[in-house]
Amino acid sequence: MKTYLITYDLIKPETSADYVRLFANIKSHLSWAKPMRSVWFIKTNRPRAEVMRLLRSAADANDKFLVIEVTNDWIAFNLPDTVITWMKSNI
């Protein structure tokens, strides 16, 4: 099982249907955390290409995504305690 960092830039307001679909797709993975506005962590058995396919299925052609596998070499500042706890357990 891998942990990925997902970041995105959608070109519509956050209340748009694109965000609703995108968030549902991200939350469909085994576990997730949202440390910042446009950044998520997911824990998943899916390969990164499938993760990207799911993200793109909820997006427009001009939206941007980045998916990076996360290692256990990390440091954070001023993130919510719930996110830090998630990271300690899942990365």
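Reader: Which exposed residues does the face of α3 turned away from its buried side carry?

Author: This is a predicted model. In it, that face of α3 carries D81, T82, K88 and S89.

Reader: Which residues of helix α3 are buried?

Author: Helix α3 spans residues 81-90, and its buried residues are V83, I84, W86, M87 and N90. These buried residues lie on the same side of α3, because they cover an arc of only 160 degrees around the axis.

Reader: What covers the buried residues of α3?

Author: The cover includes the strands β1, β2 and β3.

Reader: Now the nonpolar cores. How many residues does the largest one have?

Author: The largest nonpolar core has 16 residues. Those with the most contacts inside it are I6, Y8, L22, I26, V51, L55 and F65.

Reader: Which elements each supply at least two residues of this core?

Author: They are the strands β1 (2-9), β3 (39-44) and β4 (64-69), together with the helices α1 (17-27) and α2 (48-57). The largest share, four residues, comes from α1.

Reader: What does Y8 touch, not counting residues up to four places away in sequence?

Author: With those left out, Y8 touches Y19, L22, F23, K34, R37, S38, V39, W40, K64 and F65. There is also a second, separate core of eight residues, and A33, V83, W86 and M87 are among them. Of these names, V83, W86 and M87 also appear in the list of buried residues of α3.

Reader: How do I read a single residue? Is H29 buried or exposed?

Author: A residue counts as buried when its relative accessible area is under 20%. H29 has a relative accessible area of 7%, so H29 is buried. Its place is in the loop between α1 and β2 (31-36). Leaving aside neighbours within four places in sequence, H29 is in contact with I42, K43, T44, R46, V51 and L54.

Reader: Where is A24, and what is its relative accessible area?

Author: A24 is in helix α1. Its relative accessible area is 47%, so A24 is partly exposed. The C-alpha atoms of A24 and A58 are separated by 9.1 Å, while the two residues are 34 residues apart along the chain.

Reader: What is the mean pLDDT of the protein?

Author: The mean pLDDT is 92, and 97% of the residues reach 70 or more. Among the elements, β3 has the highest mean pLDDT, 98, and α1 the lowest, 89.

Definitions and conventions:
Residues are numbered from 1 along each chain as its sequence is written. This is a predicted model: local features need pLDDT of at least 70, side-chain atom pairs count only at pLDDT 80 or more; totals for chains, interfaces and linings use all residues. Side-chain values use heavy atoms; hydrogens and water are left out. A nonpolar core is a set of buried Ala, Val, Leu, Ile, Met, Phe, Trp, Tyr and Cys residues joined through side-chain atoms within 4.5 Å. Buried means under 20% relative accessible area, exposed over 50%, partly exposed in between (1.4 Å probe, protein chains only). Contact means heavy atoms within 4.5 Å. The arc is that of the directions from the helix axis to the C-beta atoms. pLDDT is the predictor's confidence in each residue, from 0 to 100.
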